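Subject: Handing over the structure

Dear colleague,

I am passing this structure on to you, and below it you will find some notes on what turned up when I went through it. Please keep the viewer open while you read.

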Amino acid sequence: MTQQTSFAAFGLHESIIRAITEMGYETPTPIQVQAIPLVLAGSDVMGAAQTGTGKTASFGLPLLERLIPTANTSMSPARHPVRALVLTPTRELADQVHENLEAYAKYTGLRTACVFGGVDIRTQQDTLRRGVEVLVATPGRLLDHVEQRNTVLSQVQIVVLDEADRMLDMGFLPDISKILKLLPAKRQSLMFSATFSPEIKKLAANFLNNPKLVEVARENSTAKTITQKLFEVHDSEKVDALLDLLDDEMCDEAKNILVFVNSKIACRRLARTLTQYGIEADAIHGDKTQDERIKTLEAFKQGKVRVLVATDVAARGLDIADLPVVINYDVPFNAEDYVHRIGRTGRAGMKGLALTLMCPGADEKNVTAIESLIKERFKRVRLDVSSHRRPSRGPRKVYTPPPVTPVSSDPFFDEPYVPSHPEAQTESSQSSQKTPLKDQKKKPRVAALLGGLMRR
Ligand code: AMP
């Protein structure tokens, strides 16, 4: 295959070239070089490519190119049936794939939309009912819409399964099968997966028709632009070790750092701990609402949050353009998650750093599984936690009570207490008639206090 050096060489429509030029795309990435001509030619494609390689454009651009002849300005929903369907495992990935497709389609006249669960279905319903040619969806919510007759899938010409391995991991196979039955038998099918397990090969065999295989990296490998380091620490030293790494010059310059943990509880707890140490940190996990996740992600992208602590599911598909460092605070239980986690950095040819904290003994088995998956052996470096500690972290915050502001002087309080007798009380009540309003208000409280003391 000849190496394309420009997008124009693929013969893409001027409206698409205009959009990607505005986005700063100049040279196609390797997966784009391989996949775009195949998809344009109408072939089924199995893409073994991890996120960050430019795979969205590798199917998105030719997909739009093939639909451009159907673009129209009619107001009738019937003229805008779903013609391309992209299924993704998570809301975040759906959102990001859609964001890209929407940008690529900006000048084509094709309508795009995105539907996923966890948010109000009604707004999505209105969009679908108006008609949309390119639909990005998570499987469950798409089926809800089909059941509610908000959309029909009988005119789908191209279907894409994105991050298919994760869809299987998340148990979406039954939903995917249901959706595929709703599509015309004659269609173009594309499937992308970061890893290439036997289950994925089986799904590909059922789902794709005589597929062409495109591969940009060797099986289950991690991007070459990512430097990986592994540090041995005792479980009780992990927080200190993380603080040291964050302070270390390796991470010093990093605007954004993604830290992975294995559970939601650990996720919340670690983000809170980091905040207590004065680090701008937040957590992203499955218990957060979609709105909360979007806000957290936005703050992270803008650099308001420096460290984002995430679980695997929540971080799936996150596309943060400038993510220089990923830290595995916990070694993942599943070796393939390691590939996905560190694939968040070193994207689109940029340099990335992936650091992993490992507890010798407890994590040994999982680390060995990762090594055999990525076909590399880590150099195990013992992290001397205390000697790495820098003073710049500052002391823990100690609670200091607010200073007491003296109340304006009142002789009543300043004079020593002398037990009063009935006359004194009468005198006090008589004089109160001349006391200004401010002091009148104060008196009853004082009287109640003294009254309590005087009660015999
Ligand atoms: P993806 O693998 O599709 O998630 O893409 C990763 C990132 O690379 C996204 O931010 C894309 O916008 C960007 N990207 C994709 N293709 C290109 C390209 N040819 N030139 C520059 N950036 C690209």
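With its relative accessibility in mind, does Y25 count as buried, partly exposed or exposed? Please remember throughout that this is a predicted model. Y25 has a relative accessibility of 26%, and because buried means under 20% and exposed means over 50%, Y25 counts as partly exposed.

The ligand

Y25 is also a good place to begin with the ligand, since Y25 is among the residues that come nearest to it, together with Q32, G52, G54 and T56, out of 16 residues around the ligand. Sorted by class, that shell holds four nonpolar, nine polar and three charged residues. The shell draws on two domains, with at least three residues from domain 1 (7–215) and at least three from domain 2 (226–382).

Three contacts are worth finding on your screen. A polar side-chain atom of T56 lies 2.6 Å from an oxygen atom of the ligand, while for G54 a backbone N or O atom lies 2.8 Å from an oxygen atom of the ligand. At T27, a backbone N or O atom lies 2.9 Å from a nitrogen atom of the ligand. As for how much of the ligand is covered, the ligand taken alone exposes 490 Å², of which the protein buries 84%.

The aromatic rings

A search of the whole structure finds five aromatic pairs, and one of them brings us back to Y25, which pairs edge-to-face with Y104, the centres being 5.9 Å apart and the planes at 70°. Y25 lies in the loop between helix 1 (14–22) and helix 2 (30–40), whereas Y104 belongs to helix 4 (residues 91–104), so the pair ties together parts that are 79 residues apart in sequence. Unlike Y25, which is partly exposed, Y104 counts as buried, because its relative accessibility is 1%.

Another pair is formed by Y338 and F378, whose ring centres are 5.8 Å apart and whose planes stand at 75°, so this pair is edge-to-face. It links distant parts of the chain, 40 residues apart, with Y338 in helix 15 (residues 335–342) and F378 in the loop between helix 16 (364–374) and strand 14 (380–382). Y338 and F378 are both buried.

Finally, Y25 and Y104 join F7 and F10 in one aromatic cluster, and Y25, as noted above, is also among the residues that come nearest to the ligand.

With best wishes

Technical notes:
Residues are numbered from 1 along each chain as its sequence is written. This is a predicted model: local features need pLDDT of at least 70, side-chain atom pairs count only at pLDDT 80 or more; totals for chains, interfaces and linings use all residues. Side-chain values use heavy atoms; hydrogens and water are left out. A residue is near a molecule or strand if one of its heavy atoms lies within 4 Å of it. A polar contact is a pair of N or O atoms within 3.5 Å; within protein, one must be able to donate a hydrogen and the other to accept it, and residues adjacent in sequence count only if both atoms are side-chain atoms. Accessible areas come from the Shrake-Rupley method with a 1.4 Å probe; for residues, only the protein chains shown count as cover. Ala, Val, Leu, Ile, Met, Phe, Trp, Tyr, Cys and Pro count as nonpolar, Asp, Glu, Lys and Arg as charged, and the others, Gly among them, as polar. Domain bounds come from an automatic or database domain assignment. Rings of Phe, Tyr and Trp (its six-membered ring) pair if their centres lie within 6.5 Å; planes under 30 degrees apart count as stacked, over 60 as edge-to-face and the rest as tilted. Helices (H or I, at least four residues) and strands (E, at least two) are DSSP runs, numbered from the N terminus. Buried means under 20% relative accessible area, exposed over 50%, partly exposed in between (1.4 Å probe, protein chains only).
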